[in-house]
Amino acid sequence: VEVQDIGVAVAQWGLYGPAAAEMAASVFDSGAEDPGGLSSAPLNGNVERTFLDRPAILIRSDDFGVGGFEILIDASQSDSLQQALLDAGARRIDAATADVARVEAGRPVFGRDMDATTIPLEAGIEDRAISLTKGGYVGQEIIIRVLHRGQGRVAKRLVGMVGAAGDGPLLAGMRLESGGREIGALTSAVDSPWLKRPIALGYVHRDFSEPGHVLEVRHGDDPARSVTVVTMPFIQPKGE
């Protein structure tokens with residue numbers, strides 16, 4: 001196996017929404033084999049198509065709380081693909097808007113809500129990040145020990161929290177307290193247009209991770225504000 005950095009040669013686009021499969025089908029040409037079409041592709045499964053006679057890979061995803069695809073294509077065709085999707089009815093959104101959708105969906109992102117020291121069980125991603133049937137992998141012993149000896153208990157867990165409407169924005173890095181005891185910190189925070197209030201992801205001590213816990217959040221020496229732990233996702237997905 002030869003490992004190569006193909007970041008310069010390959011462009012990546014995300015296409016999400018109720019009409020994502022239909023829109024992608026109108027832009028990409030079907031290959032010789034098309035088992036069931038794009039709409040029946042399993043989550044995280046990939047489908048090979050062509051765009052302007054060049055290969056493209058479409059990966060089924062729900063990273064933003066709604067069905068869609070991550071698209072990998074030759075970088076030289078990136079602008080042409082963007083225009084084709086816009087012509088088909090797609091609308092481009094900025095990174096900030098995408099981040100709001102991600103947090104509303106309760107999906108942690110590497111580099112902000114997770115890093116190389118995070119145990120998948122802490123981030124709540126075990127269903128999509130851990131295989132209990134495949135062969136050995138880096139970190140497997142820790143996972144098995146937590147699952148079988150610790151009954152899945154970890155010291156901290158990623159939870160979703162909502163602030164009060166009109167209370168001002170929440171910020172990543174704010175520390176979380178309960179009864180004067182520091183129990184965690186926020187990792188991602190946005191203002192949710194759907195809920196009309198600030199929401200956040202963050203890690204808290206496992207004793208405070210159940211929905212309904214009211215915690216204090218602080219920034220520097222500012223007065224404490226209250227946030228409530230809630231069930232994620234913040235917004236239940238509808239449709240594809």
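Which residue in E8 is the bridge partner of Val 159? It's Gly 202, and that pair is a handy way into the fold. The model here is a predicted one, in which local features need pLDDT of at least 70, side-chain atom pairs count only at pLDDT 80 or more, and totals for chains, interfaces and linings use all residues. Residues are numbered from 1 along each chain as its sequence is written, and side-chain values use heavy atoms, with hydrogens and water left out.

A few words on terms help before going further. Helices (H or I, at least four residues) and strands (E, at least two) are DSSP runs, numbered from the N terminus. Two strands count as paired if DSSP finds at least two bridges between them. Strands of a sheet pair through backbone hydrogen bonds, either parallel or antiparallel.

Val 159 and Gly 202 belong to the pairing of strand E5 (residues 156–163) with E8, where seven bridges join the two in an antiparallel run. Both strands are part of a closed barrel of six strands, in the order E5-E8-E7-E6-E9-E10, with antiparallel pairing. From one strand to the next, the twist averages 45° (axes are lines fitted to C-alpha atoms, for helices over the stretch in contact, and angles run from 0 to 180 degrees between N-to-C directions). Helix H3 (residues 95–104) packs on this sheet, touching strand E7 (181–192) and strand E8 (197–205), and its direction makes about 130° with that of E7. Touching, or contact, means heavy atoms within 4.5 Å.

On its other side, E8 pairs with E7 in the antiparallel sense over eight bridges, and Asp 191 has Pro 198 in E8 as its bridge partner. The two strands form a hairpin with four residues between them, and Lys 196 in the turn has a positive phi of about 55°. E8 is mostly covered, with seven of its nine residues buried; buried means under 20% relative accessible area, exposed over 50%, and partly exposed in between (1.4 Å probe, protein chains only). Elsewhere in the barrel, strand E6 (residues 175–178) pairs with strand E9 (residues 214–218) in the antiparallel sense over three bridges. There, Arg 175 has Arg 218 in E9 as its bridge partner. In the loop between E8 and E9 sits Asp 207, which counts as partly exposed because its relative accessibility is 48%.

Now for the other sheet. Asp 207 and Leu 58 are 149 residues apart in sequence and 41 Å apart in space, C-alpha to C-alpha. Leu 58 stands opposite Ile 71 in E4, and six bridges join strand E3 (residues 54–61) to strand E4 (residues 68–74), which run antiparallel. The sheet is an open one of four strands, in the order E1-E4-E3-E2, with antiparallel pairing. Its edge strands are E1 (10–16) and E2 (46–51), each pairing on one side only. The twist here averages 25° from one strand to the next.

Seven bridges join E1 to E4, and Gln 12 stands opposite Leu 72 in E4. Side chains alternate along E1: Ala 11, Trp 13 and Leu 15 point to one face and are buried, while Val 10, Gln 12, Gly 14 and Tyr 16 point to the other and are not. Helix H1 (residues 20–27) lies across E1, E2, E3 and E4, running at about 135° to E1. Helix H2 (residues 78–87) packs on the sheet too, touching E1, E2 and E4, with its direction at about 15° to that of E1. Gln 77, in the loop between E4 and H2, counts as buried because its relative accessibility is 6%. Leaving aside residues up to four places away in sequence, Gln 77 touches Phe 51, Leu 52 and Arg 54.

That leaves the largest pocket, with a volume of about 1,500 Å³. On a 1 Å grid over the protein atoms alone, a pocket is an open set of points where a 1.4 Å probe fits, with protein on both sides within 12 Å along at least five of seven lines, and lining residues have an atom within 4 Å of a point. Grid points are joined across faces, edges and corners, and the volume is the space filled by probe spheres set on the points. Of the 45 lining residues, the closest to the centre are Tyr 16, Phe 64, Val 66, Ile 93 and Ala 101. H3 gives the most to the lining, with eight residues.
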